[in-house]
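User: I have a structure open here and I'd like to go through it piece by piece. Can you help me read it?

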Amino acid sequence: MTQPSYWVDGQIQERLPKATGVYRFYSDQGALLYVGKTIDFQARIRSHFQTARKEPRHAKLMQGVTRIECQTTADELSALLVESQAVKSEQPLFNRRLRKKRALWTAELLADDQGYFVVKPRKVEQVEQLGYCYGLFANQTQLKNWLRNHAAEHGLCLQRVGLDRGKGRCFGRQIKRCDGACCGEQSAEAYNAALLDLFAQFQLVVWPYHQPLWVREWDDSSHSGSKAPQGTAQGWHVFHYWTYLGSFERPMAGLEADFDWNEVVDRDAYRILLSFLRNDRVALHQLDDNGDLVAVSNRFL
C-alpha cells in the first residue's frame, strides 16, 4: 500500500499528520536515508530540523532529505515493530541502531568442579531452551568485552569467569582488582553471588506459553484492567518464544498466515515486547481447543 508522501519545503511541518506511525526520509534520487517512529509526525519532524541546527552529522542527514513518507499505525507498539522491521529489511543509510544480526549470543553460567561459575558464551538458536541465561549480544566478542570491562567493578577473577587462562593467583589479584577466587581466598559462594549480581539485570525472561501469542496494545481511553480495548481498530502482533512473526489488521489474518517458524530471534523485538508486558500495556490472546482466539492472563508479571 502506498504511503502518503510530503515534499520538503517551508510549510512541510504544518502539512504532516498528528498521528502515531513510522516515517521515512528520502533523497532527491529516491535513496532511503532514515527510518524513525513517532507518536506525532509534526512534532518529531520539527525536532529533526531543530537538531540539525546544532549537530553537524544530523545536519548532513537533513540537508539530503527532499521527501518524507508517513505510515500511520494503530498504536505505539505497532510503530516500534514496523520501525524495527523496516530498518532491518530496507537498510536506510543513516540508521545505526536496530540493524539485523545474523545470530545472537547469550551468557550461560556453569559451575566448575570447585563450584565456581564459569561464563560460557552460547549461540541463541532456540529461545525456549534458554533457562538461566543472561543478555543478548551481537557476537561472542561483544559479550566477552562487556564482561571484561565490568568484572573488575565486582572484584571478579578473569580466570574464573573464563576470560583468561592460567591457574593460581592471577594478575588481577596482584593489583587488587580480583577478590581472590583464583587462589581460593574468595569462596565459591561469594564469587558466584558477585557474578550473579553483575548479570542480574540481563537475565532473560523465560517464555511461559506453549503456543503463539496474539498481542495488541491497550487503548488508554478504555483500559479497564480486565477487558480488551474497544474503539478504533488495533494492530495485532504474533509472537512465539520471543520471536516476532508478523502483524495483522485483523486477528483472523494472523490465524491464516503461513509463519516462518525458523525466523531468527530479534533482540529489538524481545526488548520492545518485554517493555510493554512489564508495564501491562498489552492484551494477550491465544487459540483455544476450538480454534477461537481468547484472552489469556499476563504470566510475565
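Analyst: Let's begin with two strands. S5 (residues 105–111) and S7 (residues 133–137) run antiparallel and are joined by three bridges. This is a predicted model, by the way.

User: Which residue in S7 is the bridge partner of alanine 107?

Analyst: Tyrosine 134 is the partner of alanine 107.

User: And how many bridges are there between S5 and S6?

Analyst: Seven, and that pairing is antiparallel too. One of the pairs puts threonine 106 opposite arginine 122 in S6.

User: What order do the strands of that sheet come in?

Analyst: The order is S6-S5-S7, in an open sheet of three strands with antiparallel pairing. S6 (117–123) and S7 are the edge strands, since each pairs on one side only. On average, neighbouring strands are turned by 30° against each other, ignoring direction.

User: What holds strands like these together in general?

Analyst: Strands of a sheet pair through backbone hydrogen bonds, either parallel or antiparallel.

User: Which helix packs on the sheet?

Analyst: H8 does, and it touches S5, S6 and S7. The direction of H8 makes about 35° with that of S6.

User: Is S7 mostly covered or mostly open?

Analyst: Mostly covered: five of its five residues are buried. Cysteine 133 is in that stretch, and it counts as buried because its relative accessibility is 1%.

User: Since you mention a cysteine, how many disulfides are there?

Analyst: Zero, after a search of the whole structure. A disulfide is a covalent bond between the sulfur atoms of two cysteines.

User: Why is there no bond between cysteine 178 and cysteine 170?

Analyst: Their sulfurs are 3.8 Å apart, which is too far for a bond. The cut-off used here is 2.5 Å. Cysteine 170 holds the closest cysteine sulfur to that of cysteine 178. Cysteine 178 is also buried, with a relative accessible area of 1%.

User: New topic. Which residues other than glycine have a positive phi?

Analyst: Lysine 176 is one of them, with phi near 65°. Tyrosine 241 is another, with phi near 50°. For background, most residues other than glycine have a negative phi.

User: Where is lysine 176, and is it buried or exposed?

Analyst: Lysine 176 lies in the loop between helix H7 (171–174) and helix H8 (188–199). It counts as exposed because its relative accessibility is 77%.

User: And tyrosine 241, buried or exposed?

Analyst: Buried, because its relative accessibility is 18%, and the cut-off for buried is under 20%. Tyrosine 241 sits in the loop between S9 and S10.

User: What do S9 and S10 form?

Analyst: They form a hairpin, with two residues between the strands. S9 (residues 236–240) pairs with S10 in the antiparallel sense over five bridges. Phenylalanine 239, for instance, has tyrosine 244 in S10 as its bridge partner.

User: How many residues of S10 are buried?

Analyst: Five of the six residues of S10 (residues 243–248) are buried, so the strand is largely enclosed by the rest of the structure.

User: Let's do helices. At what angle do H4 and H10 cross?

Analyst: Roughly 175°, and their axes come within 10 Å. H4 is therefore roughly antiparallel to H10. H4 covers residues 76–90 and H10 covers residues 267–278.

User: Which residues meet there?

Analyst: From H4 there are Glu76, Leu77, Leu80, Leu81, Ser84 and Lys88, and they meet Asp268, Ile272 and Phe276 in H10. By class, the contact has five nonpolar, one polar and three charged residues.

User: What is in the loop between S4 and H4?

Analyst: Threonine 73 is found there, with S4 spanning 67–72. It counts as buried because its relative accessibility is 15%.

User: What does threonine 73 touch?

Analyst: Leaving out residues up to four places away in sequence, it touches Thr20, Gly21, Ser78, Ala79 and Val82. Threonine 20 is 53 residues away in sequence, yet the C-alpha atoms of the two threonines are 5.9 Å apart.

User: How much of the contact in the chain comes from residues 24 or more positions apart?

Analyst: Such residues account for 61% of the contacts with a separation of 6 or more.

User: Last one: how many helices and strands are there in the chain?

Analyst: The chain has 10 helices and 12 strands. Of its 301 residues, 46% count as buried.

How values were computed
Residues numbered from 1 in each chain as written. Predicted model: local features only at pLDDT ≥ 70, side-chain atom pairs only at ≥ 80, totals over all residues. Heavy atoms only, no water. Axes fitted to C-alpha atoms, helices over the stretch in contact; angles between N-to-C directions. Helix = DSSP H or I, 4+ residues; strand = E, 2+ residues; numbered from the N terminus. Parallel < 35°, antiparallel > 145°, perpendicular 65-115°, else oblique. Contact = heavy atoms within 4.5 Å. Nonpolar A, V, L, I, M, F, W, Y, C, P; charged D, E, K, R; others polar. Buried < 20%, exposed > 50% of the residue type's maximum accessible area, 1.4 Å probe, protein only. Pairing = 2+ DSSP bridges.
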